[in-house]
Amino acid sequence: MASQSVLQANEFSQSTLVEQWKQKYQTGDFVSLLKRHWREYVLIVFQPSDDQTREERLANKYLFGPLEHFLCDGDPETVFQELKEKDQPSQLCGHVFKNGEPTYSCRECATDPTCVLCMDCFQASPHKKHRYRMSTSGGGGYCDCGDPEAWKIDPFCGNHKPKEETQTAENSMDSLPDLLVNRASALFLACLRYTVEILTWEQSDSLPDSLQPDGELSDTYVCMLFNDEVHTYEQVISTLQKAVNCSHKEAVDYATTVDREGRSSVTYGSFAECEKARNLVERQTSRYGGKALKVQVMHTAVVAHQQFALRMIGWLQTIIGRSDGLRSLFCLLSMQQQENEKSLMEILLLADTRLWKTARVQSHQLMMAGVLMDQECKKKFAIIFTKHYSDLMKAFCLDDHDHDVSIASLSVQIFTVISLARLLVSEHNLLSVILQTFLQACEEKKKDGKLSFERAGTQMFKRACFSLHDLKYALLCKPGPGEWTDQFRRSFLAGYSHFLELLKLIEGMDQVKRQTGQHLEFEPEWEGAFNLQLKLEDNIVLFMEWCASDRQVLVEAYNLTVEALSSCTTVDRNKKEICTVAGHKTECIKFDVSAHHVSIHLPVTRMLAGLHTHLGEHGLAFESPDCSLVRPVPIELIELPLRVLVMVAQSNANMWRRNGYALINQIFFYHNVKCRTEMYDRDIVMLQIGASMMDGNDFLIQLLNKFGLIAWAKEEYDAPASGQEDSLRQTVLLAEELLDLLIIILGERFIPGLGEVTKGDIVRREVIHQLCISPLAHSELAKALPEDTNHETGLEEVVKDVATFKKATPAKVSQSAGKGRYELKPEFYESYNPYFYHYTKGDKSKSEEMQIKRKKAGESQALPPPVPPKFKPMFAPIVNILQCDVMIFLMELVLSRAAAVRSRSLSETQLERVLHLICLGLHEQKRAVEEGNRSFDFLARVCTPARSKKGGDRCIQMLLDSIVNSQTITHDSIRDLVTWTVKLLTEVRQLKNEPVAMETRENVATPRDAKAEAARKKKQAAAEKRRQKIMAQMSAMQKNFIKENADLFENTSTDLFPRVGSDMDLSDVPSSSYPVAVGAKRTRVTGAQPQIGTCILCQEEQEITHTSKAMVLTAFVQKSTVLSQQHGNALIHGDDFDPLFMRSDLGTACHLSSCGHMMHADCWQSFFDAILARERRRPLRFRHHYSYDIEKLEFLCPLCECISNTVIPVLPGASGTAIDRSPNVQLSFSDWLDGIHKTVLNSVKEPDDIEKKTDHNEESILYQPCPLTAVTRLMTDSVASNFKALWAYIQDPSRDLPAETREMLRKFSRDAYSVGLGVEPDDENPRVPIMVWNTCAFSIMSLEQQLREEGKPLFGQLSSRQSDCMRSLVKVAAAHSQTANPELTKQHCIKLLTFLFPDSIKGKTCILDVDLFHYLVAMVMSLPSLHQDVTSASCFVNTLPAGGVNDQHILHLVLAAHLVQVLLTFDEGNCGMEVDDDYEGEALLIQYDHLHTMANLQKESTPLPSQLSVHVRRAMLPFLRCAALLFHNLTGVQVPADLTEVADEPTTTEFDNVCRYLGISHHMSRLLDNQGELMYNLVNRWCKNGVLKDRFSASSQAMVQYPLPINKLIQLPDDYSELINKVSTFTCPKSDGDDSRAPTMCLVCGQMLCSQSYCCQTEFEGVTIGAATEHAYKCGAGSAIFLRVRECQILLLAGRTKGCFVPPPYIDNYGETDQGLRRGNPLHLCKDSYAHLEKLWMSHSIPETIAHNLESNATLLTIDWQHL
Ligand SMILES: [Zn+2]
Ligand SMILES: [Zn+2]
Ligand SMILES: [Zn+2]
Ligand SMILES: [Zn+2]
Ligand SMILES: [Zn+2]
Ligand SMILES: [Zn+2]
Ligand SMILES: [Zn+2]
């Protein structure tokens, strides 16, 4: 069939086809013609094929092209362009968000948080300057710019502002030509019908008749695999590998496609083959009784049409986007009823769950771009959506796709549009529809009329809960005062009664009963109810706001609620008991909280409490004649909330200990800021309602009864010897709890509707009390405050009034540092109330401590209650409780117990609380006096004994006076509170014009001052003395400890090496002689002190000599690309890599660092063996769960836990050994050069048998060192003897290194070799010595650069770990020849020399290709071996380089070569600077010209002499600084003072000083001038090298220039949203055009990666790794630093299995980072913390940082870092 079709396709002519269509269109049956075309061509275009572009190309050519031409009747582009011009400038942005795109909302102006702007609109909108919130879109949804309903103000951005008074009323369709309208109508309908028909087509092996191809269907099928949320990626992959016999890679591709698109064809073949595959997949996946993967065998023709239908949707979307008119037309048609009375959109809507993922997403997008953009159609669509809401939700619950790919998720687009929502609520009963849908879902969770959740919540119910979000959206459209209509009220109240039904299911659920005997057997489920509560919270608030907005609605809702409450209450009214307190008798509901079931869930009761607080706003009262409010029975109202509060009190009194964590958690969340507003707070309000409606005495007795404190409230209770001590303690605690509750009921008035307060007052008070606990960062403060339905706390409006924001320096990349904090302003200290009802016990005591700390010495420590605001009239009766008999009785009771000599039932806490209550009473009294309210007379009650009692007859005032000086009160603050209360009492009495006896006042003041104060002071003094003594003891102990462990604190690192010749101690440097480190004039190192080190393991101190025990430093060796001038090519496996010549771009190098901690070699060995043994015992699966990898020989430094993977031996000083006995050699540079040249000539041989080979094959050259005599034979006698002397050191067996040290040297070399090259250890490998030298060279270069970057001097400010590590490393590199095969070192030396002594101008490497500092180090280390007499030497001390004449000349030679590099690569235009006479510059210019001539390079311009001399100094300084570091550590020659300070002018003073120290002229031109003929010839050969010229060609890789630029992390934008925006356009590079889930940016090279995703995984060493890990290898040779843009966090990776997250360098205005973008505040780059990250990377500290993080945070160990 296929070949035949192609034949037809070749005959295809678009114009003929379109012409046919047009004719048929005129005559009628256009659609069948269209279908005939599709029937044929769809199968041609959509064949199973790997070539994606072919499909697209053909689809456009054969299918869409003709459609467009038909539609336009002409050239589509021209026609569409004309249409576009007729468009009104759109006022709606409507931009549809992609997954991950940034969205912006305005906290001040958005109607609700779902109203968002796209980046473009935001940038052009006024909200940019408001408090905005930034987040990333989950995909779907569109920009609300231009929608006046979405924004309180400024609905338009600059781009979408309506033009001046343009009449937009006319229908945009009218602007279309009639003919076009007709054609478009026919075409749109046909296309849309086709699409709907195909997408809803259920047959898998046949097509609708009109599309069925002629003849038999071919036997070509695919096996289609569908997505589900049950099976994991791994399951799918392994199943596919077995079932369809594909590779792992293919299986991953299939699985990825299934996940992304919802389905993928996994087999293509005959029906039988596909059936077989289907069976296998189903059997495989259902084997363990699980649900099988969904697979279907489909005919290729069906699949092809489905593909086309999908493309058709996309095409339609594009077409309607081209013109408003076309869009309106399309919308109209798509919403038109069809034959079956449903519109096409409706059919598509209902088919949703039957579609696969991409098909759904596409059709949703078509809806959004189409009908939802058109006002009229949107309304129609909304009504249809509401009509089917219940079915859609049910389908969604049964489905297993995520909510955001379900049609149900369109609710947010519809219900949040206020005008639409109002229409739907009032005319289409939206609230009832949603609630009924949800109530149906609740049916399955019902047990005994209540909801009841199993431990494992079912998926279905979770999905059903999305309705509660929809409910919230629907409730956002609260009508304004004039907007209520009768119909609106009716449908709202209908919805409200459904809501009450839901609340009734919750009221009383999850009851708990106190366990007495044994602990609860299993923890009951409690989370389900709280999850539901959290989801309901906003809805409760919104319902309440709706009710409160209309008087009539409020009345009816109130009555409905009372009715609902009485129908579901669990209170048994018939069980009553009579209680008597203080002569008052009252009837109480009999219920023992500690013995019966109690439920913490009371949403109906709490709803009523909420509604009640709104009654006052509408002037409603039960008494008012015009209102039909049902008056509930107060005693029944308070019963249930009271039970909960009593249960909490009993739990605080430890009575519910056996009920386990479920209860503790319930109580915790009951008070938690997320739930308390609609739980705890409402219960308090309900008690206050009860208190306002009941007689005070009755109310108090109810409380006493429920608390079980009737007995306690009798005078007799205090009589000794009754009851058990245990229950007494409980009673004391319960009495404290009761008093606490009374304070709250009477004092808490910062509740809307209850006290005379505004919303702002309430938030302000919360903020004040939070800040009384401690200063807080913005996020901490925001978290402590409840959020409103818009997720706002109101914090910003008030916080500036009450607190000052103190910024902290954002220096560290640590979580806490850098945050600014709010501190309470002192004028608000007085507002502090220790009984603030939102305090936890911990908060209370912390805040009290803090307030007392704030007080000045001698100030009263009392923390009295602040004056509370006034109650609203309806609640005003509550204050009367303060003056009722029972209250006065209780006060007297506690006070008299406090005044008594002994009391068994008193606690100071009770006293404190009673004092608090008295103060409250006095405050109220003051207010009453000021307002002239005579009915309140608390004072009278206080001052007259009212008790009808047998014993004492003292009133409260007298009782207070009697305890004011009491010494038995132990707390200062309580004693001071008594005093304070008495003072307040006096004040109020004066105010009320009551005579206050002078003595009373005296009474108050004097005794306190005299006796008590004296006693107190004495006590304080004693305490102070004791404290001082303890402090002194402590400090003595500390000092002692430091002394005993002095080695730990100091010796271990700082004093490791003798300070002579070191950085700091310059006192004995003779000022006249400038120290010189290299050459014949080298400064002698005198008076070397013994080096002492202490082993951190055995604490033994020890001198480091040639005979003592070997010592080592822990060290870490790693590959590095930090200095590399070329990204992304790091060396991974160095099996065939020759490291002898380091490339000048420093490709991949090897770095060593150390924490500087020293140990005996044998101590370390046994330490390490122990770790190995322990790890080997550990089961394999636990092994990798460690911050270090034992397989890689990693361990943690036993002292500081720094990650380490090797040790480096500490060697005795080379200074003072070889150097002192070196002969006085007199050998000029040119003679030396000649000698070396002769050596090279005699040592390089080509084997005879292959001499005729055309190419110089490097492998065939033999490097066979010649004997010294072979060279000296050719010299004059004096030169010969001096030349000989260079290798003729005196041998001294006593200087030989001990075997143990040699072993450690070998270990270090082995590790440097195997880590540095990424190969298996091999001691015999010839590359081992090279890697040691290279590690030394690179570590020096890295250190030099770091110092330069940090602006530190070259010497003098190194940390001890840096200088210890450097010194050991240089010495080890120098001593390496002692353990290596001497012949090998010789060979390396000669091979190295051939580079600068080439025998021809041929060769593949030129002078520009090699890094000369690496070269210098290798030369210096190997040169002493060149002519070493191997036969006679048993000791190799003579092979140690020591800064002698050899070093001087090799330095000269390498420097000269470096100068050639610098001059050849100088590439700066003539900068035309003013020229002084610059002889150095002139000389350099001559050389510059000469070199360029020799190299045959044309220069466009010639630099100025001065320019050249400046450049040469600048470019060569880094090399010279490195050389100074090298020779200082090699020779120990002290450093000139100049180099320990930062030079003002590095290129002059520092340059000169470094040169002096190295014993060379600071005139660089002299390196080349007059150095003899040989030197001239060498330079000539360097320049004429054949490949050198290629390096300058444009095609070659960027040439390295000097000085090497310092690598930095990439520049990041200041505004974080720029990054988010950037990644939103980033797509996975491997799966064309798809979103990447975790776009991750390499901060070193800037590359963007698709991390943490199967699509971009690769195989590496047999393991699957993610894109970031792969990149870490390529870019950072194993370690790397990334920014995960969506998560806003830094990712560090090292060595494949390890990583960690650190805070991002972005902070908000409060100095806080926002990992995960949860807060959404605008973020800006923090330069300091970015610099800190840069330093972390530059100093090679990534592995160390990761290890520390892994050590301190165990959860990081469980992350699969390699898959990131
Ligand atoms: Zn926009
Ligand atoms: Zn806009
Ligand atoms: Zn705004
Ligand atoms: Zn030791
Ligand atoms: Zn350490
Ligand atoms: Zn990818
Ligand atoms: Zn990179």
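Is R975 buried or exposed? Some notes on this predicted model follow, with that residue taken up first.

1. R975 is a good place to begin. At 6% relative accessibility, R975 falls under the 20% cut-off and therefore counts as buried. The residue belongs to helix α39, which spans residues 972–991. If you are looking for a partner far off in sequence, try A862: the C-alpha atoms of R975 and A862 lie 7.6 Å apart, although 113 residues separate the two along the chain.

2. Zooming out, the protein chain holds 61 helices and 29 strands. It has 1764 residues, and 56% of them count as buried. About 75400 Å² of the chain is exposed, with carbon and sulfur atoms supplying 50% of that area.

3. On contact range: take the contacts in the protein chain between residues at least 6 apart in sequence, and 77% of them join residues at least 24 apart.

4. One helix pair may be worth a look on your screen. Two packed helices are described by the angle between their axes and the distance between the axes. Here, helix α25 (residues 603–615) and helix α28 (residues 680–693) have axes that come within 9 Å and cross at roughly 60°. That angle is why α25 counts as oblique to α28. The crossing of α25 past α28 is left-handed.

5. As for who touches whom in that pair, α25 contributes T605, R606, L608, A609, G610, H612 and T613, while α28 contributes R682, D683, V685, M686, I689 and M693. Sorted by class, the contact of α25 with α28 has 6 nonpolar, 4 polar and 3 charged residues.

Methods
Residues are numbered from 1 along each chain as its sequence is written. Chains are lettered from A and ligands numbered from 1 in the order in which they are written. This is a predicted model: local features need pLDDT of at least 70, side-chain atom pairs count only at pLDDT 80 or more; totals for chains, interfaces and linings use all residues. Side-chain values use heavy atoms; hydrogens and water are left out. Axes are lines fitted to C-alpha atoms, for helices over the stretch in contact, and angles run from 0 to 180 degrees between N-to-C directions. Helices (H or I, at least four residues) and strands (E, at least two) are DSSP runs, numbered from the N terminus. Angles under 35 degrees count as roughly parallel, over 145 as roughly antiparallel, 65 to 115 as roughly perpendicular and the rest as oblique. A crossing is left-handed if the near helix is turned anticlockwise from the far one by less than a right angle, and right-handed if clockwise. Contact means heavy atoms within 4.5 Å. Ala, Val, Leu, Ile, Met, Phe, Trp, Tyr, Cys and Pro count as nonpolar, Asp, Glu, Lys and Arg as charged, and the others, Gly among them, as polar. Buried means under 20% relative accessible area, exposed over 50%, partly exposed in between (1.4 Å probe, protein chains only). Accessible areas come from the Shrake-Rupley method with a 1.4 Å probe; for residues, only the protein chains shown count as cover.
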